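Student: I'm at home at the bench, but less so with models on a screen. Could we go through this one feature by feature?

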Amino acid sequence: MFNQSPATAVLTTTKTATAMKVLLAVTVVTASLAAISAFAMSVAGGLSPVKGLSVFLNSDPSSQTFTTAVTQAPVIGLTVRPLGTPSVVIDRVAFSLNGSLPISKISNPVLKVSDGRSFAGVVDSYNRQLVFDNDIFLTTQRNFKVQIDVAALTQTESLNLSINPRGQIVILRPLGMRALQNQNYIGPTMTFTPPLPPPAIPPGLEVRKAGDVGGQLVAGRTHSVTSYMFIALNEPVAVTKLWIAVKGANAAVNVKKIYLFRDSSPIGLATGYVLDQNGKVLVQLPPDAFVASTTYPYPKLNIKVELVDKTQLIDGSMLEIGLGDSDGDGSEWGANGNPGAGSYLMEATGVNSGVLVVATTIDSFGDGNGSIAGSSVYYLMDGVLRVSLNSASPRGSATPGVNKEVLTLTLIADNDDITVDNLEFTVVGSCRITGTGPVTIKGDDSTTYATLPAGQAWLRPGSRFDVTNFGTWNNQLVIPRLMSKTLHIFGDTTGCSSGTLQMNVKGGGKTISGVIWQNNSGNQVDSTLTRSLPIFGGALSYGGGFGYGY
């Protein structure tokens, strides 16, 4: 460079300086990337990369408008990638349905993978979801796209799909792996329009069950039990008469009062409604109390029940409740909250036209070809047991040995004394347990309630055992009314030099739910409706690895 002419030397020097700046910038960027990588390794403990399924919302498709009827309209896209594992098998993917598009108009959901594979799904009307129960095998990053058919509409409707990967994607293998992202992704809003302007037709009314889950209801309290969404067709519709009905042996005598709400605002009698001897009651409303709209958001009728106290309640009785069918009762409902053929008995009038809606057309479609439904089954109890994972339950890094605490539970007796008759446990993980010491279940005061004897590796992953059939109850486990007890489960984890271990309370062996209990009525309860079963303990990791829940 120094043997060149001055002009050339200046130019070359300038280029060299520029190149040095570029080189410096590249060096800085490289150093930054190295720092980020080092930070990521430090967050992970510097021991192993992050493991899980990475899921992100894809920009394809974007918001579009479709003229119905339409086949295989794309509605949401995801980018998925296994991290820290050679492969992943996805067992289930569920997308929530949001917007005004009636679920009844949706069919034939398909999940397409960017490698050419396609998986058929189902429309879950009850939970308002598209569900894909398929074994989707992935070894590298792929794009997912969901497509649906939409039947012809009479008015413009909108739809978007949403998904929380952590809660709505279930991974079959590797065991215990899950989606990394725990946030709600909302897909693009799709608009679906009718093929022609809607014809001038009389008012109509769609009534759709908006959700309930069934469960156990405690005596002497008021409970939200079910709700319905009202969608007016062609013009707003005022509902002035409807029936509320109950089903189930002793259902009517166990219900003290019924209360109605338009969304969260009370309507009808403030003192509540009393069922007649046939288990139904007529509700009459002023014209402006409950008006169904033609556009989203649609009003919901929420139903609450007040139960008689436990001195009057018939413990263990079943209850279904909802809008009365064509003769005002629940005889046309399907079983356990499922749809049945029929219509709802109502008086509803078009606000603009003053024309009565034809009663036999008031159903889930609003045309006489739909369905009706009551609530799911509720079980009425003097008192119930609540089970939860104690916040102090062990998790994370652990050392092997005898008499190690592996699970801590909180048991609450709600409204009555509760006696626990059996507990069933499962063990999962990758540890190689050799210890054959006993498993003991103790209280905070060191009372030993139950023992599973020495001589077997109880905590070996894959084990399933319960106290009644495999061990001994040393002391009766009773939780007094409105009190709680903490249970500590100890066992022998000798031999677990590396890997993970997790103990759960889960049925499937000698119990249905994982816990058998009874209140003072003496009726044994073994039900997955017991809140909050199953219980998944914290994952314990040995030898410096990470523990993941199962």
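**Reading the model one feature at a time**

Tutor: Start with Lys310: its relative accessible area is 30%, so this residue is partly exposed. The cut-offs are under 20% for buried, over 50% for exposed and partly exposed in between, using a 1.4 Å probe on protein chains only.

Student: What ground rules apply here?

Tutor: This is a predicted model, so local features need pLDDT of at least 70 and side-chain atom pairs need 80 or more, while totals for chains, interfaces and linings use all residues. Residues are numbered from 1 along each chain as its sequence is written, and side-chain values use heavy atoms, without hydrogens or water.

Student: How confident is the predictor, and where is the pLDDT below 50?

Tutor: pLDDT is the predictor's confidence in each residue, from 0 to 100. The protein chain has a mean of 90, with 89% of its residues at 70 or more. Residues 1-47 are below 50, and this stretch has eleven contacts beyond near neighbours in sequence. Residues 546-550 are also below 50, with 22 such contacts. A contact means heavy atoms within 4.5 Å. Where pLDDT is low, don't read the predicted coordinates in detail.

Student: How many helices and strands does the protein chain have?

Tutor: There are four helices and 43 strands. Both are DSSP runs numbered from the N terminus: H or I over at least four residues for a helix, E over at least two for a strand. Of the 550 residues in the protein chain, 48% are buried. Among contacts with a separation of 6 or more, 76% join residues 24 or more positions apart.

Student: Which residues does Val55 touch?

Tutor: Val55 sits in strand β1 and is buried, with a relative accessibility of 0%. Leaving out residues up to four places away in sequence, Val55 touches Leu78, Thr79, Val80, Pro165, Ile169, Ala179, Gln181 and Tyr185. Take Val80: the two are 25 residues apart in sequence, yet their C-alpha atoms are 4.6 Å apart.

Student: Back to Lys310. Which residue does its side chain meet in a salt bridge?

Tutor: A salt bridge needs a side-chain nitrogen of Lys or Arg within 4 Å of a carboxyl oxygen of Asp or Glu. Lys310 pairs with Asp416 at 3.4 Å, N to O. Lys310 is in the loop between β23 (300-307) and β24 (317-323), and Asp416 is in the loop between β31 (404-414) and β32 (418-429), so the pair ties together parts 106 residues apart in sequence. Asp416 is buried, at 3% relative accessibility. Elsewhere, Asp115, Arg117 and Arg142 are joined into one network by salt bridges that share partners.

Student: What is the total, and which other pairs should I look up?

Tutor: The count is twelve salt bridges. One of them joins Asp60 and Lys145 at 3.1 Å, N to O. Asp60 is in the loop between β1 and β2 (65-67), Lys145 is in strand β10 (142-150), and they are 85 residues apart. Asp60 is partly exposed at 41%, and Lys145 is partly exposed at 24%. Another pair is Asp133 and Arg92, with the closest N and O atoms 2.9 Å apart.

Student: How much space lies in the largest pocket, and what lines it?

Tutor: Rolling a probe the size of a water molecule over the atoms shows where empty space is left. On a 1 Å grid over the protein atoms alone, a pocket is an open set of points where a 1.4 Å probe fits, with protein on both sides within 12 Å along at least five of seven lines; lining residues have an atom within 4 Å of a point. The largest pocket holds about 590 Å³, the volume being the space filled by probe spheres on points joined across faces, edges and corners. It has 25 lining residues, with Ile103, Ser125, Arg128, Arg208 and Lys209 nearest its centre. Strand β15 gives the largest share of the lining, three residues.

Student: Which backbone geometry should I check?

Tutor: Most residues other than glycine have a negative phi, and most peptide bonds are trans. Arg128 has a positive phi near 55 degrees, and this residue is in the loop between β7 (122-124) and β8. Leu482 also has a positive phi, about 65 degrees. The peptide bond from Thr68 to Ala69 is cis, as is the one joining Arg531 and Ser532.
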